[in-house]
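Hi,

Here is the structure I said I would pass on. Have a look at it first, and my notes follow underneath.

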Amino acid sequence: MKTILVLTDLSENAAHAALSALMLAKQMHANVLLFNDNVSQPVAPMYAGGPTVADVTNIIEYDNEEKLKNLAGALQALATNPGKWEPQIHYEEKLGALAYNVKRLKEQKNIEMIVMGAREGSGMDHFL
């Protein structure tokens with residue numbers, strides 16, 4: 001089954017990107033996978049073949065799983081499409097380097113497209 005990977009930091013822009021991905025998923029007959037890369041400790045990406053976690057950990061633990069679950073539930077409610085394709089919404093949260101985690105997801109899942117939001121107010125807004 002085709003899947004649209006939505007990279008989210010759980011911000012308002014990321015939620016808007018997730019909603020756009022849901023609309024695309026309905027048209028493409030694909031499912032949606034929400035992914036949050038939760039870095040609660042410093043990571044050196046791709047050192048010696050894989051991400052290496054630093055010896056010092058951050059005391060603050062970020063628990064975004066509940067937020068991901070709520071976003072997935074809200075999107076699933078909007079995914080109802082009687083008589084037509086209804087995408088399934090899944091979510092995942094991992095520690096580590098984003099590039100490494102996206103590469104792993106692409107290898108394990110049938111990722112058709114990657115969607116993410118962008119910050120507001122950049123000089124390229126009018127162009128994009």
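Let me start with one residue in a helix: Ala25 sits in α1. Keep in mind throughout that this is a predicted model. Is Ala25 buried or exposed? Its relative accessibility is 0%, and the cut-off for buried is under 20%, so Ala25 counts as buried. What is Ala25 in contact with, once neighbours within four places in sequence are set aside? The list is Ile4, Ala30, Val32, Trp85 and Pro87. There is also a long hop in sequence here: Glu112 is 87 residues away from Ala25 along the chain, yet their C-alpha atoms are 10.0 Å apart in space.

That fits a wider pattern in the contacts. Taking those between residues at least 6 apart in sequence, 74% join residues at least 24 apart.

Now the overall layout. The protein has three helices and six strands, and going along the sequence they come in the order β-α-β-β-β-α-β-α-β. Of its 128 residues, 33% are buried. The exposed surface comes to about 8400 Å², with carbon and sulfur atoms supplying 55% of that.

The strand I would look at is β2. It is mostly covered, with seven of its seven residues buried. Which residues point which way from it? Asn31, Leu33, Phe35 and Asp37 go one way, while Val32, Leu34 and Asn36 go the other. That is how a regular strand behaves in general, since side chains alternate between the two faces of the sheet. In β2 both sets are buried, and they include Asn31, Asn36 and Asp37 as well as the leucines. Val32, from the second set, is also one of the contacts of Ala25 listed above.

As for its partner, β2 pairs with β1, which covers residues 3-7, in the parallel sense over five bridges. If you want a place to check the register, Val6 has Leu34 of β2 as its bridge partner.

Next, the pocket, which I suspect you will open before anything else. The largest one holds about 280 Å³ of space. Its lining is made up of 14 residues, and the closest to the centre are Leu7, Thr8, Asp9, Met116 and Gly117. Two elements give two or more residues each to that lining: α1 (12-28) and β2 (31-37). Which of the elements gives the largest share? That is β2, with three residues. Sorted by class, the lining has six nonpolar, five polar and three charged residues.

Last, two backbone angles to check if you are setting up torsions. Leu10, in the loop between β1 and α1, has a positive phi of about 70° even though it is not a glycine. Leu10 is partly exposed, at a relative accessible area of 23%. His29 is in the loop between α1 and β2, and it too is a non-glycine residue with a positive phi, near 55°. For His29 the relative accessible area is 43%, so it also falls in the partly exposed class.

So, back to the pieces I would put on screen together: β2 with its seven buried residues, its parallel partner β1, and the pocket lining to which β2 gives three residues.

Cheers

How values were computed. Residues are numbered from 1 along each chain as its sequence is written. This is a predicted model: local features need pLDDT of at least 70, side-chain atom pairs count only at pLDDT 80 or more; totals for chains, interfaces and linings use all residues. Side-chain values use heavy atoms; hydrogens and water are left out. On a 1 Å grid over the protein atoms alone, a cavity is a set of points where a 1.4 Å probe fits but cannot get out, and a pocket is an open set with protein on both sides within 12 Å along at least five of seven lines; lining residues have an atom within 4 Å of a point. Grid points are joined across faces, edges and corners, and a volume is the space filled by probe spheres set on the points. Helices (H or I, at least four residues) and strands (E, at least two) are DSSP runs, numbered from the N terminus. Ala, Val, Leu, Ile, Met, Phe, Trp, Tyr, Cys and Pro count as nonpolar, Asp, Glu, Lys and Arg as charged, and the others, Gly among them, as polar. Buried means under 20% relative accessible area, exposed over 50%, partly exposed in between (1.4 Å probe, protein chains only). Contact means heavy atoms within 4.5 Å. Accessible areas come from the Shrake-Rupley method with a 1.4 Å probe; for residues, only the protein chains shown count as cover. Two strands pair if DSSP finds at least two bridges between them.
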